[in-house]
Amino acid sequence: MNFAGADDAELAWDFERFKKNFKVVISRLRKDALEFDLIGIDASIANAFRRCLISEVPTIAIESVFVLTNTSIVHDEILAQRLGLVPLKVDPRLFQFKAADEEATDLNTVVFKLNVKAPTRPAKSLKGDHADVHADENMNVLSKHLVWEPQGDQDERLADAPPKPVHDDIVIAKLRPGQEIDIEVHCQKGIGKEHAKWSPVATASYRLLPEIQILSPITGNDAIKFQKCFTEGVVEVFTNSQGLKEARVVNARRDTVSREVLRHKEFEGKVRLTRIRDHFIFNIESVGILPPHVLFGEAVQVLLNKVKRVKESLTELTGDMQLD
């Protein structure tokens, strides 16, 4: 792959140069979000991490729904689909994958039950023409109504973090008085490549670090206009040694790459907008099953396992030849 301004020697792989230049810098870490910089790697590797995060880091999700009673207006199939998309706070590293012909066990399946019935009773607050309207306490069937049913020794193994929905207030269905939903669901381990319900992230993305080069001084009123062409905080106007207002770049990271500045003729030849090709700003937003920094570690392990399988396959094909 060719890059503008890069020669063959720069693009050639050099392990020592990689060890010297590679960095991971965490800029923001919250409960469900992580922003960090990957510096000194190729775009193909950064994209491999992103794809692994989205589709190959396993989680636990509802796979089978056994409907005992459903008198709501929501059809069984739609109800099952909605349940499948409820994220579950279950550590997938504690469970095994379940094969299609394998029996459900406490090592590969988590069981939840949901039983909600909207009671029928006169509404106290309604009078007159609306006195015949009935109220109900469980009008909304929420994710918090999913109750974990331990199987085998799960109550001991998962005592520190009992399985539950990530959020308690997800609306699954609405019930009218007298309607009822009684179901049992079986949750299994899977990956997002098979179905989106197993994807552990709401989003995983990256962008190249912007680079704004001022080729010749921009002063006076042009400096103020230049500053307004960028997001607030990217460019500042200061007073130089000649007492003139001059623009300088202080935080190119905040630039949204709008390229607004290129529309103005007075800045032609004075500014160059580029991106640093081996500096990636990574953003991971977890759905809450695992913390984002743990998810990235799992994605790295997935990629390492792929590399290991490739090396083993190559070894089988090439015999005793050593592959570094």
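Visitor: What covers the buried residues of helix α3?

Guide: In this predicted model, the cover includes β2, β13, β16 and α7. Each counts as cover through contact, which means heavy atoms within 4.5 Å.

Visitor: Which residues of α3 are buried?

Guide: They are A46, A48, F49, C52, L53 and S55.

Visitor: Why is C52 called buried?

Guide: Its relative accessible area is 3%. The cut-off for buried is under 20%. C52 falls below that cut-off, so the word applies.

Visitor: What makes C187 buried?

Guide: The same cut-off of under 20% is used. C187 has a relative accessible area of 0%, so it qualifies as buried.

Visitor: How many disulfides does the structure hold?

Guide: The count is 0. A disulfide needs a pair of cysteine sulfur atoms within 2.5 Å. With a count of 0, no pair in the model meets that limit.

Visitor: How do you know that the span of α3 agrees with its number of residues?

Guide: Helix α3 covers residues 43-55, which is 13 residues. At 1.5 Å a residue, the expected span is 18 Å. The end C-alpha atoms lie 18 Å apart, so the two values agree.

Visitor: Which strands form the sheet that includes β2, and in what order?

Guide: The order is β1-β2-β16-β13. This is an open sheet with antiparallel pairing. From one strand to the next, the twist averages 30°.

Visitor: What makes β1 and β2 a pair?

Guide: Pairing takes at least two bridges. Strand β1 is joined to β2 (residues 33-39) by 6 bridges, so the requirement is met. In this pair, K23 stands opposite I39.

Visitor: Where does helix α7 lie?

Guide: Helix α7 (residues 292-318) lies across β1, β2, β13 and β16. Its direction makes about 45° with β2.

Visitor: Why are β3 and β9 called edge strands?

Guide: They belong to an open antiparallel sheet, ordered β3-β12-β5-β9. β3 (59-70) and β9 (147-149) each have a single partner strand, so one side of each has no neighbour in the sheet. Here too, the twist averages 30° from one strand to the next.

Visitor: How many bridges join β3 to β12?

Guide: There are 10, and the two strands run antiparallel. N70 has I181 in β12 as its bridge partner. Helix α4 (residues 76-84) packs on this sheet and touches β3 and β12. Its direction makes about 150° with that of β3.

Visitor: What makes β14 and β15 a hairpin?

Guide: β14 (residues 235-239) and β15 (residues 245-249) pair antiparallel over 5 bridges. Pairing needs at least two. Between the strands are 5 residues. In that turn, G243 has a positive phi of about 80°. F238 stands opposite E246 in β15.

Visitor: Where in the chain is confidence lowest, and where is it highest?

Guide: Strand β7 (residues 134-135) is lowest, at a mean of 46. Strand β12 (residues 180-190) is highest, at 97. Over residues 130-136, pLDDT stays under 50. The model has 17 contacts beyond four places in sequence for that stretch. For the chain, mean pLDDT is 89, and 90% of residues reach 70 or more.

Visitor: How many helices and strands are in the chain?

Guide: There are 7 helices and 16 strands. Of the 324 residues, 34% are buried.

Notes. Residues are numbered from 1 along each chain as its sequence is written. This is a predicted model: local features need pLDDT of at least 70, side-chain atom pairs count only at pLDDT 80 or more; totals for chains, interfaces and linings use all residues. Side-chain values use heavy atoms; hydrogens and water are left out. Helices (H or I, at least four residues) and strands (E, at least two) are DSSP runs, numbered from the N terminus. Axes are lines fitted to C-alpha atoms, for helices over the stretch in contact, and angles run from 0 to 180 degrees between N-to-C directions. The expected span of a helix is 1.5 Å times one less than its number of residues. Buried means under 20% relative accessible area, exposed over 50%, partly exposed in between (1.4 Å probe, protein chains only). pLDDT is the predictor's confidence in each residue, from 0 to 100.
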